[in-house]
Amino acid sequence: MRNLIVVYALFLSVISYSQVSQEIFESFKLQERRDVHYYFPENLDDTKKYPLIIVLDGEYLFEQVVASSKFYSQFHGMPQSIVVGINQNENELRFEDCAFDPDSGLPSEKGKSFYEFIGMELIPYLDLNYSTAPFKMIVGYDITANFENYWLFKDNSIFDAYICISPTLAPDMETRVPMRLNTFDNQIFYQLIVEGEQNKDTKKIMAMDQGIKALEKETLHYYFDEYKNADHISVATYGIGKSFDNIFGMFKPISPQEYKTQILTSEEPVYNYLEKKYQNIVDIFGFSKPVELNDIMAIYAASRKKEDFESLKPLSELCKKEYPETMLGFYFEGEYYEQLGEPKKALRTFEKAFQMKEIDFLTKEMALEKMDALKADFGF
């Protein structure tokens, strides 16, 4: 812990809360200074948790990862994240950082130090000083893509997601990676990306793909994407956005296809789908996500279509919590009492809805029509 405090003291500049900054990190593990890039989302909020994305080959990949992260978070494809890129291009540092023994396939002495720099200096610094979520991802390309696999050799990997772009595989890695992935009981995301252009590693990469696909693990989320028109240079640009789409897929709002094929076809109450979707986010990523209005309306529509009116009650309670100033909660609760055959409760609840703010398709006129209809039908 003492050495860690010293590392913080020797971090040469204070990170500003601008979106992107570049700093020099003084590493005791490497006995050298390293250029590190940081991206922090705008309006960084200490009350929120942000996934941490470590990007190797920072000169090549950092800006691409940041651009994809900003785009997907803007359009709800993923949570806002902190992105950290480590420069490795100058003097071909990447080959020293990620070198491996040609016989054992394990990291060289410099590789071990680089491994400890990331796991014992850089990430602890970020966890201590910023509101990072438990969920952590690492991105690598070519030889750095191979290097990220060494975290799988630990029983408790610090990374939950791996984006492995056209890896230059160390000896036996094509069998070691599937073997190690099969040992984890926690949720692991593994994305393998390859180009259509053949190279000396293609056969081993395809063997690794088949080995991972053969695993039967509910906790393993494996994605393989091959880009036939890409070469070894362009494949990174092809693959990063799709990787985020795969790994953070559950963050996206409920789509029309999802509504038709999963919600309407399920035999469970429709509210259960929404509850499980958002609980999975907490369980896997370590933080909650505000419930999308789109998702609430999808569950409301499904409850009406399937005549699953019992789902309206928990949905109304959720809306009172998530959208407390709007009509949503009381309007859905009014419909619930209406279908339950309790007109007095329904009338009082619609009256409450009438006093709240309109939202989406719900208007005061609709609440008033409900109230008038109940009065006419039951003589209130």
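This short presentation covers the salt bridges, aromatic pairs, pockets and cavity of one structure.

Good morning. The structure is a predicted model, in which local features need pLDDT of at least 70, side-chain atom pairs count only at pLDDT 80 or more, and totals for chains, interfaces and linings use all residues. Residues are numbered from 1 along each chain as its sequence is written, and side-chain values use heavy atoms, with hydrogens and water left out.

I shall begin with charged side chains. Side chains of opposite charge can pair when their charged atoms come close. Here a salt bridge is a side-chain nitrogen of Lys or Arg within 4 Å of a carboxyl oxygen of Asp or Glu. How many salt bridges does this rule give? The count is 28 salt bridges.

Consider E32 and R34, whose side chains form a salt bridge at 3.0 Å, N to O. Is each partner buried or exposed? For this I use relative accessible area: buried means under 20%, exposed over 50%, and partly exposed in between, with a 1.4 Å probe and protein chains only. E32 is partly exposed, at 23%, whereas R34 is buried, at 1%.

A second salt bridge joins D97 to K110, with the closest N and O atoms 3.6 Å apart. This pair links distant parts of the chain, since D97 is in helix α3 (residues 93-97) and K110 is in helix α4, 13 residues apart. The helices and strands I name are DSSP runs, numbered from the N terminus (helices: H or I, at least four residues; strands: E, at least two). D97 has a relative accessibility of 0% and therefore counts as buried.

A third example is K252 with D245, where the N to O distance is 3.2 Å. Both ends of this bridge are described in the same terms: K252 is partly exposed, at 30%, and D245 is partly exposed, at 22%. Returning to the earlier residues, salt bridges that share partners join E32, R34, E96, D97 and K110 into one network.

Let us turn to the aromatic rings. A pair of aromatic rings is described by the distance of the centres and the angle of the planes. Rings of Phe, Tyr and Trp (its six-membered ring) pair if their centres lie within 6.5 Å; planes under 30 degrees apart count as stacked, over 60 as edge-to-face and the rest as tilted. By this rule there are 32 aromatic pairs.

One of them is F114 with F147, a tilted pair with 5.5 Å between the centres and 50 degrees between the planes. F114 belongs to helix α4 (residues 109-129) and F147 to helix α5 (residues 143-148), so the pair ties together parts that are 33 residues apart in sequence. F114 and F147 are both buried.

Another is Y331 with F350, an edge-to-face pair at 5.3 Å centre to centre and 65 degrees between the planes. Because Y331 lies in helix α13 (residues 328-340) and F350 in helix α14 (residues 343-354), this pair ties together parts that are 19 residues apart in sequence. Y331 and F350 are both buried.

Rings can also be considered together with charges. A charge sits over a ring if NZ of Lys or CZ of Arg is within 6 Å of the ring centre and within 35 degrees of the ring normal. The charged end of R94 sits over the ring of F95, 5.1 Å from its centre. The charged end of K364 sits over the ring of F354, at 5.4 Å from the ring centre.

Finally, I come to the empty spaces. On a 1 Å grid over the protein atoms alone, a cavity is a set of points where a 1.4 Å probe fits but cannot get out; a pocket is an open set with protein on both sides within 12 Å along at least five of seven lines; and lining residues have an atom within 4 Å of a point. Grid points are joined across faces, edges and corners, and a volume is the space filled by probe spheres set on the points.

The largest pocket holds about 380 Å³. It is lined by 17 residues, and K48, P79, Q80, K289 and P290 lie nearest its centre.

The second largest pocket has a volume of about 270 Å³. Its lining has 13 residues, with Y278, Q279, V291, L318 and E322 nearest the centre. Which helix supplies the largest share of that lining? It is α10, with six residues.

As for enclosed space, the search finds one cavity of 30 Å³ or more. The largest cavity contains about 40 Å³, and S166, V194, E195, N199, T202, I205 and M206 line it. Helix α7 (202-213) and strand β7 (188-195) each supply at least two of these residues. Thank you.
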